[in-house]
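The following exercises ask the reader to examine a protein model and to reason from its geometry. Please inspect the sequence and the structure before turning to the solutions.

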Amino acid sequence: MERPGRLLQLSELRVRNTAYEVSLSRSLLTWKKRVSSSVYHTFKPSLCHSVAVSEIISVREEEENSSKDDGSWRKIRERQERDCRRAFTVSYVERGRNHRWRCAEVSFICPDASLCQRWVHSILEQLAALSCRPKHLLVYINPHGGKKQGNRIYEQKVAPLFAQAGVTTQVIVTEYANHARDHLRTDAELKQFDGVVCVGGDGMFSEILHGLIWRMQLDSAVNPNSPEEALQPCSLRIGIIPAGSTDCICFATVGTNDPVTSALHIIVGDSQPMDVCSVHHNDSFLKYSVSLLGYGFFGDVLSDSERKRWMGPARYDLSGLKMFLTHHYYEGTVSYLPAKGIMGTPRDSGRCRSGCVVCEYNGEAFTQKGEKYKLDESFDTESDDEWRTVRGKFLAINAASMSCACPRTPKGLSPAAHLADGTTDLILVRKCSRFDFLRHLIRHTSKDDQFDLAFVEVHRVSRFRFVPRQCQSDSDLNLPEAHKRQIFGPLCRDHPACGCSPHYSSWNCDGEVLNHTAIDVRVHCQLIKLFARGIEEMTVLEEVTSPCAI
């Protein structure tokens, strides 16, 4: 909080018919109620209000609306008073429950027009000084995602807020799958924009992610097909307006799946860095991932649910039950590179929240490693003796680059995973009974430590590889071709020597099925940035919304 001596404006104004002492500094707009009582409760909420300048959406000058009167002499007097009495309205962010934001307004009545203009000018000056705020955005709308409400959500809830905040937009309604990705790769004039916004679900976000990263690598002459290449970070931030059947990315970075809240985060210019995993197969790029890479159970659930899309979101429940009862396990080899010199472990009690110290510390550590590697090409961060190998039979192999929390699993797959620490949490669930596996799944929704089980192990890694048992030579394994040879399916998957076709799972990459099982995954620290600030702790909310005294 700034000292009173650094106030830019200080006046006695009126809110409705009540006198307030209103002050403006470079960081805060504060209005305190003037009371005649000698007993003045400074911190009483009804007497003092404060709004961060960075969370002011807009300010507009307007005439005060006086009440209607019948007498003509009263109308003349009111008209005379109105000529020398002006008002201005400030729109700002107001926090609600469950991390939701809404747009609130307060109107201040000034005794004269010149004072009103000085106040409006001062506030506009402070807003113009906020360089983090976007002025021109490229917006992609998926009209078919989720409940097909993308257009309505944007036009009714988001566009009016952008217009109020003075944000101009270029809107493109996608016409086919990967329309946004292809447009970003080749046709979009990215230098004209301050950010890219997607209106849709996680699939739409994936299109934007792939298009932007691929475009950035091509512009920087980086080969995205090489898993050894250090990718160049994206200069444009990405905004997510949730309008899909699943909005896990939005929930993990904002704390709610509310379009208005996301729009306000974009307007105020929030910035949340995020790690991105690049997935390769035999030196060929496959996908980028920011949340979950899952083989075994979660891969099977996704593959089965794709054939039941007509059921809507309920397909995940049915496919989950089916795969749980099937209880497939898969044999293979996992090699991983443990993350070193970092803060935090997968079993910490702390969570990744707004202003996360772990992400800040680890992000700086990875940046220093990268600079050292550039200065000394002989510096090898991935020597053979650092790699570790695990062989066995697994029900699930999951890599969580974030907690993967959602309304159904508030804790997520890895509660202590971080958004921007340059690592992913590799979770190995070995073969066990159905009852034990059910215990593990239930702990995703309970307060118990879901990794405190004998058949579960978790490692914080910067890179890992997986090769199924029937593919130990790293040969190309294409799932569709393999499945074509399985006319009746495997009769004895535990005894491949009998000559039957082997049984494979598939990888669930952020809700999309990968066609290869032998993969090489590398984490790229803070490769992208979102218009978000992470999930705010309740203590932070109390500090921001609490009344202040100057």
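Three exercises with worked solutions follow, all on this predicted model.

**Exercise 1.** Describe the largest nonpolar core and determine where it lies with respect to domain 2 and domain 3.

*Solution.* Begin with the extent of the core: it has 66 residues, and those with the most contacts inside it are Tyr140, Phe205 and Ile528. Next, identify the main contributor, which is helix α5 (residues 202-219), giving eight residues. Then consider the domains. Residues of this core come both from domain 2 (131-271 + 531-545) and from domain 3 (278-521), so the core lies between them.

Turn now to one of the residues with the most contacts. With neighbours within four places in sequence left aside, the contacts of tyrosine 140 include Ile172, Thr174, His183, Leu184, Val197, Met204 and Ile208. Finally, note that a second core, separate from this one, has 25 residues, among them Val15, Tyr20, Phe88 and Phe108.

**Exercise 2.** Establish how the buried residues of helix α9 are arranged around its axis, and state which helices they pack against.

*Solution.* First, check the helix itself. Helix α9 covers residues 314-326, and its 13 residues reach 19 Å from the first C-alpha to the last, close to the expected 18 Å. Second, list its buried residues: Arg315, Ser319, Gly320, Met323 and Phe324. Third, apply the helical repeat. An α-helix has 3.6 residues a turn, so residues three or four places apart point the same way. In α9, the buried residues fall within an arc of 160° when seen down the axis, and they therefore line one face of the helix. Fourth, locate the packing partners: these buried residues pack against α8 (297-306) and α11 (434-442). To complete the description, histidine 327, just after α9, takes a positive phi of about 60°.

**Exercise 3.** Asparagine 98 has a positive phi, and so does aspartate 510. For each residue, give its place in the chain and decide whether it is buried or exposed.

*Solution.* Take asparagine 98 first. Its phi is near 55°, a positive value in a residue other than glycine. Asparagine 98 is placed in the loop between β6 (86-95) and β7 (101-109). Its relative accessible area is 61%; since exposed means over 50%, asparagine 98 is exposed.

Aspartate 510, likewise not a glycine, has a positive phi of about 55°. The loop that holds aspartate 510 runs between β19 (507-509) and β20 (512-514). Its relative accessible area is 16%; since buried means under 20%, aspartate 510 is buried.

Technical notes:
Residues are numbered from 1 along each chain as its sequence is written. This is a predicted model: local features need pLDDT of at least 70, side-chain atom pairs count only at pLDDT 80 or more; totals for chains, interfaces and linings use all residues. Side-chain values use heavy atoms; hydrogens and water are left out. A nonpolar core is a set of buried Ala, Val, Leu, Ile, Met, Phe, Trp, Tyr and Cys residues joined through side-chain atoms within 4.5 Å. Buried means under 20% relative accessible area, exposed over 50%, partly exposed in between (1.4 Å probe, protein chains only). Helices (H or I, at least four residues) and strands (E, at least two) are DSSP runs, numbered from the N terminus. Domain bounds come from an automatic or database domain assignment. Contact means heavy atoms within 4.5 Å. The expected span of a helix is 1.5 Å times one less than its number of residues. The arc is that of the directions from the helix axis to the C-beta atoms.
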